[in-house]
Amino acid sequence: MISRRAILRGAVTVSTVAALPAFAGGHGRIGKFKGASNHKTSGRAELVKSGQGGSVELLGDFKFDGAPDPKVALGNNGYDPKTLMGPLKSNAGASTYKLPKGVNPDDYNEVWIWCEKFNVPLGVAKL
C-alpha cells in the first residue's frame, strides 16, 4: 500500500501507456453487425486471412434474433452468393466458418448473415 506521505513527497511515479485497439486474435479485420430486414443482429465478426484462404469468426458477443435458413457469407458493398460458408451454427456466441476455395478475403469488406430461403439480408458487418 502506498502511503499518503509518499505521494506528497513525489516518491510515487505513475506511468501512462496509450491504449491500442483490441483485436480478437490480432490477425484479421473486424466489423460490427447491424441488423437488416427488421432483424436484430449485433456483435462483431472477424475476417481472417491464412495461407491461400481464410475464415470468418463470429466473436463471443455475436447475437441474432433468429430466422429460417440463416447463412454466413461475404460481400463487397453487397452480398456475394459465391461466398456462402454454410448455415449459422448458433444464434449467439463464437463460431468459425471456413472460406470456400478460391475466395480471397482481401476482395471483401463485409460479413453477411443471409437468409437464403427468402433471399434477404439479416445482418451485415462492415469491416
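User: How many bridges pair strand 6 with strand 9, and in which sense do the two run?

Analyst: A good way to read a strand pair is to follow its bridges one by one. In this predicted model, strand 6 (residues 70-75) and strand 9 (residues 110-115) are antiparallel and share 6 bridges. One bridge to look up is that of Pro70, whose partner in strand 9 is Cys115.

User: Where do strands 6 and 9 sit in the order of the sheet?

Analyst: Read the order as a list of neighbours. The sheet is open, has 8 strands with antiparallel pairing, and runs 7-6-9-10-1-3-4-8. Strand 6 therefore falls between strands 7 and 9, and strand 9 between strands 6 and 10.

User: Which strands stand at the edges, and why is one side of each left without a neighbour?

Analyst: Those are strand 7 (79-80) and strand 8 (95-98); each has a single partner strand, so one of its sides has no neighbour in the sheet.

User: What joins strand 1 to strand 3 and to strand 10?

Analyst: Strand 1 (residues 28-35) is joined to strand 3 by 5 bridges, running antiparallel. There, Arg29 has Leu47 as its bridge partner. With strand 10, strand 1 forms 4 bridges, again in the antiparallel sense, and Lys32 stands opposite Lys126 of strand 10.

User: Now the core. Which residues have the most contacts inside the largest one?

Analyst: First the general idea: in soluble globular proteins, nonpolar side chains tend to be buried together. Here the largest nonpolar core holds 20 residues, and Val56, Leu58, Leu74 and Ile113 have the most contacts inside it. Strand 3 (44-50), strand 4 (53-58), strand 6, strand 9 and strand 10 (120-126) supply at least two core residues each. Strand 9 gives the largest share, 3 residues.

User: What is Val56 in contact with, leaving aside its neighbours within four places in sequence?

Analyst: The contacts of Val56 include Glu46 and Leu47, Val72 and Leu74, and Val111. Also among them are Met85, Ser95, Thr96, Tyr97 and Leu99.

User: Is Pro105 buried or exposed, and where does it lie?

Analyst: For a loop residue, check the accessible area as well as the position. Pro105 lies in the loop between strand 8 and strand 9. Its relative accessible area is 3%, and because buried means under 20%, Pro105 counts as buried.

User: Which residues does Pro105 touch, not counting those up to four places away in sequence?

Analyst: Pro105 touches Arg29, Leu47, Val48, Lys49, Gly53 and Leu99. Take Arg29: Pro105 and Arg29 are 76 residues apart in sequence, while their C-alpha atoms are 9.7 Å apart in space. Arg29 is also the bridge partner of Leu47, and Leu47 is in contact with Val56.

Note on methods
Residues numbered from 1 in each chain as written. Predicted model: local features only at pLDDT ≥ 70, side-chain atom pairs only at ≥ 80, totals over all residues. Heavy atoms only, no water. Core = buried A, V, L, I, M, F, W, Y, C linked by side-chain atoms within 4.5 Å. Buried < 20%, exposed > 50% of the residue type's maximum accessible area, 1.4 Å probe, protein only. Contact = heavy atoms within 4.5 Å.
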